[in-house]
Amino acid sequence: MPVPTVAEMFAAGEAPEVLFWVGCSGSFDQRAQKITKAFAAILEKTGVKYAILGKEEMCTGDPVRRAGNEFLFQMMAYQNIQTLNNYNIKKIVTACPHCFNTLKNEYKDLGGDYEVIHHTTFLQQLLDEGRIRLKEGGTFKGKRITYHDSCYLGRSNNIYEAPRKILEALDAELVEMKRCRTKGLCCGAGGAQMFKEEEKGTTRINFERTGEAIGTGASIIASACPFCNTMLTDGVKHQEKEQDVQVLDIAEIIAAGI
């Protein structure tokens with residue numbers, strides 16, 4: 001995909017309207033790369049003037065901070081802040097709630113003050129402005145969808161409505177899990193748990209959460225976080241339900257419905 005970088009834009013004397021922060025999952029994880037491509041395709045179609053940092057983007061440092069390595073977090077953060085400030089970046093959009101939370105709430109203390117928007121909020125704005133037009137009787141019409149609240153999006157940043165409003169615009173049937181919104185259950189990947197072996201217990205958190213999602217009778221589990229997507233996909237495989245249940249990011253759902 002021909003995706004512009006900030007360096008290329010600056011060399012041409014231009015600046016992006018919004019910086020798309022891709023994140024580690026969106027860059028390196030094969031499944032999450034599909035989310036990145038879907039969101040980039042939406043930005044392209046809607047005429048948003050965007051760019052990415054490309055090889056100048058480092059991990060935000062969220063996992064190392066959660067794992068307790070504050071020194072490494074600050075090193076990574078300072079490098080990113082220097083890059084962003086050099087390019088005079090003001091507005092950032094990202095498809096990862098971990099990146100979103102860190103850039104929005106934790107970089108301020110270190111000199112990085114930006115308007116940071118999660119892609120669900122950004123997509124909802126594009127829908128409200130009429131820049132995204134969904135097909136009549138699209139792919140998801142009449143489908144039963146359940147939405148899993150990411151911890152960093154929901155409880156940490158109080159974003160509950162944007163993803164649901166997007167799903168409601170699809171003419172689909174949105175069904176809620178018993179534990180949702182402020183009482184939503186973590187997918188099991190937060191706090192750097194994604195990168196370590198679990199402690200002894202009776203079940204894995206992602207199996208528990210996926211069971212709740214499948215229990216709603218939904219054929220699609222919508223998520224808005226690449227970590228949640230991985231954990232829920234593993235849960236669906238564990239229950240051998242791949243033929244009946246799909247785990248899709250909201251960006252992928254919108255890209256398919258345009």
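This report covers the cores, helix H7, the cysteines, the cavities and the pockets of a predicted model.

## Nonpolar cores

The largest nonpolar core holds 61 residues. Leu84, Ile92, Phe122 and Leu123 touch the most other members. Among the elements, H3 gives the most to this core, with 6 residues. Apart from it lies another core, of 14 residues. Its members include Phe227, Cys228, Val236 and Val247.

Phe122 shows what such a core residue meets. Leaving aside neighbours within four places in sequence, Phe122 is in contact with Val18, Phe39, Leu43 and Val48. Lys91, Val93 and Ile117 complete that set of contacts.

## Helix H7

Helix H7 runs over residues 119-128. Why is H7 described as largely enclosed by the rest of the structure? The reason is burial: 7 of its 10 residues are buried, so the rest of the structure largely encloses this helix. The buried residues are His119, Thr120, Phe122, Leu123, Gln124, Leu126 and Leu127. Of these, Phe122 and Leu123 are also among the residues that touch the most other members of the largest nonpolar core. After the helix comes Gly130, with a positive phi near 80°.

Gln124 deserves a separate look. Gln124 lies in H7. Its relative accessibility is 16%, so Gln124 counts as buried, the limit being under 20%. Beyond its neighbours within four places in sequence, Gln124 is in contact with Ala162, Lys165 and Ile166.

## Cysteines

How many disulfides does a search of the whole structure find? The count is 0. Two cysteines illustrate the geometry.

Take Cys228 to begin with. Its closest cysteine sulfur is in Cys225, at 3.8 Å. That is too far for a bond, because a disulfide needs the two sulfur atoms within 2.5 Å. Cys228 is buried, with a relative accessible area of 4%. Cys228 is also one of the members of the 14-residue core.

Cys180 is the other case. The closest cysteine sulfur to its own is in Cys151, 13 Å away, and this too is too far for a bond. Cys180 counts as buried, at 16% relative accessibility.

## Enclosed cavities

Rolling a probe the size of a water molecule over the atoms shows where empty space is left. Here the count comes to 2 cavities of 30 Å³ or more.

The largest cavity has a volume of about 50 Å³. Its lining consists of Phe20, Val22, Gly26, Ala32, Ile35, Thr36, Ala95, Cys96 and Pro226. Helix H3, residues 30-46, gives the most to this lining, with 3 residues. By class, 7 lining residues are nonpolar, 2 are polar and none is charged.

The second largest cavity has a volume of about 30 Å³. Asp149, Ser150, Cys151, Gly154, Arg155, Tyr160, Arg181 and Gly184 form its lining. These divide into 2 nonpolar, 3 polar and 3 charged residues. Cys151, in this lining, also holds the sulfur closest to that of Cys180.

## Open pockets

The largest pocket contains about 410 Å³ of space. It is lined by 18 residues. Val22, Gly26, Ser27, Thr36 and Ile52 lie nearest its centre. Helix H2 (23-28) and H3 are the elements that give two or more residues to the lining of the largest pocket. H2 gives the most, with 5 residues. By class, this pocket lining has 10 nonpolar, 6 polar and 2 charged residues. Val22, Gly26 and Thr36 line the largest cavity and also appear among the residues nearest the centre of the largest pocket.

The second largest pocket has a volume of about 330 Å³. Its lining has 14 residues. Those nearest the centre are Gly188, Gln193, Glu198, Arg204 and Met231. Helix H9 (205-215) and helix H10 (226-238) each supply at least two lining residues. Which classes make up the lining of the second largest pocket? It has 3 nonpolar, 5 polar and 6 charged residues.

Methods. Residues are numbered from 1 along each chain as its sequence is written. This is a predicted model: local features need pLDDT of at least 70, side-chain atom pairs count only at pLDDT 80 or more; totals for chains, interfaces and linings use all residues. Side-chain values use heavy atoms; hydrogens and water are left out. Helices (H or I, at least four residues) and strands (E, at least two) are DSSP runs, numbered from the N terminus. Buried means under 20% relative accessible area, exposed over 50%, partly exposed in between (1.4 Å probe, protein chains only). Contact means heavy atoms within 4.5 Å. On a 1 Å grid over the protein atoms alone, a cavity is a set of points where a 1.4 Å probe fits but cannot get out, and a pocket is an open set with protein on both sides within 12 Å along at least five of seven lines; lining residues have an atom within 4 Å of a point. Grid points are joined across faces, edges and corners, and a volume is the space filled by probe spheres set on the points. Ala, Val, Leu, Ile, Met, Phe, Trp, Tyr, Cys and Pro count as nonpolar, Asp, Glu, Lys and Arg as charged, and the others, Gly among them, as polar. A nonpolar core is a set of buried Ala, Val, Leu, Ile, Met, Phe, Trp, Tyr and Cys residues joined through side-chain atoms within 4.5 Å.
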